[in-house]
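Good morning, and thank you for coming. I should like to take you through the charged side chains of this protein and then a few individual positions.

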Amino acid sequence: MSVGRYLTFVFENRATIWFQIQEMVRAERIVDESKIAEEVEVYNGLLPRPSELAATMMIEIAEAAEIKPVLDRLLGIDTRDYVKLTVGPLVIVGDFESGHSDEGRGKLSAVHFVRFALPPAARARFATAEVALVVEHPNERARTVLSERTKRSLLDDLA
């Protein structure tokens, strides 16, 4: 789902991770079983844990000349409380995988992995409350409400 001008979130589950492993094996022409096992191990780390939603956040920039300026403006998006999931009035701050940015050197990856650990109250309200992805970075503010269909799919992932 798109949030703002540049951000796209793809919620991950067993099926999406399995597809990514298959795509990597195909694209890289990996045939050695030990190398395939390594890929499976790496991607297993991306599976959401119980009571958690996990997503790949991609910073998508169409114009090549805009890549560095946009990434520079979004620096820090993965290191503070800028990305959130709201379930009604409840706010779940995204927990980003480290190693995808270096603020000291002014570097930001275009792909990030973020987890949202839903407390029991958020899980209980998820089906009936408005659920939204919210970005409150100083240089990018946006909010996208999840559709009922998306919520149903994510509820299956939470189960």
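How many residues apart in helix α1 are E23 and R26? They are three residues apart in helix α1, which spans residues 14-27, and this separates them by about one helical turn. Helices here are DSSP runs of H or I of at least four residues, strands are runs of E of at least two, and both are numbered from the N terminus.

Before I continue, a word on the source: this is a predicted model, in which local features need pLDDT of at least 70 and side-chain atom pairs count only at pLDDT 80 or more, while totals for chains, interfaces and linings use all residues. Residues are numbered from 1 along each chain as its sequence is written, and side-chain values use heavy atoms, with hydrogens and water left out.

Let me begin with the salt bridges. A salt bridge means a side-chain nitrogen of Lys or Arg within 4 Å of a carboxyl oxygen of Asp or Glu. The structure contains eight of them. One joins E23 to R26, with 2.6 Å between the closest N and O atoms. Of these two partners, E23 is partly exposed at a relative accessible area of 32%, and R26 is exposed at 55%. For these words, buried means under 20% relative accessible area, exposed means over 50%, and partly exposed lies in between, with a 1.4 Å probe and protein chains only.

A further salt bridge lies in helix α5, residues 148-158, where K151 and E148 are three residues apart, about one turn of the helix. Their side chains meet at 3.4 Å, N to O. Is K151 buried or exposed? K151 is buried, with a relative accessible area of 2%, whereas E148 is partly exposed at 46%. Salt bridges with shared partners also link R49, E52 and R115 into one network. Within that network, E52 pairs with R49, the closest N and O atoms being 3.3 Å apart. E52 is buried, at 5% relative accessible area, while R49 counts as partly exposed at 46%.

I turn now to charges that gather on the surface. Which residues form a patch of negative charge there? They are D32, E33, E38 and E41. Such a patch is made of residues with over 30% relative accessible area and no salt bridge, with like charges joined within 9 Å; for nonpolar side chains (Val, Leu, Ile, Met, Phe, Trp, Tyr) the limit is 5 Å. The areas come from the Shrake-Rupley method with a 1.4 Å probe, and for residues only the protein chains shown count as cover. Asp and Glu count as negative, Lys and Arg as positive, and His and the chain ends are not counted. Each charge is placed at NZ of Lys, CZ of Arg, CG of Asp or CD of Glu.

From this patch, E41 is found in helix α2, residues 33-44, and E41 is exposed at 60% relative accessibility. Helix α2 also holds K35, which is partly exposed at 44%. The C-alpha atoms of K35 and V25 are 9.0 Å apart, with these positions 10 residues apart along the chain.

Next, the backbone. Most residues other than glycine have a negative phi. Two residues here deserve a look in that respect. R29 is not a glycine, and yet its phi is positive, at about 55°. R29 sits in the loop between α1 and α2 and is exposed, with a relative accessible area of 70%. S51, also not a glycine, has a positive phi of about 65°. S51 belongs to the loop between α2 and β3 (52-59) and is partly exposed at 24%.

S51 leads us to R123. Setting aside neighbours within four places in sequence, R123 is in contact with S51 and L118, contact meaning heavy atoms within 4.5 Å. R123 lies in helix α4, residues 120-125, and is partly exposed at 30% relative accessibility. Between the C-alpha atoms of R123 and F19, which are 104 residues apart along the chain, the separation is 27 Å.

My last position is P138. Where does P138 lie? P138 is in the loop between β10 (131-137) and β11 (140-145), and is exposed at 54% relative accessible area. P138 and I77 are 61 residues apart in sequence, and their C-alpha atoms are 9.1 Å apart in space. Thank you for your attention.
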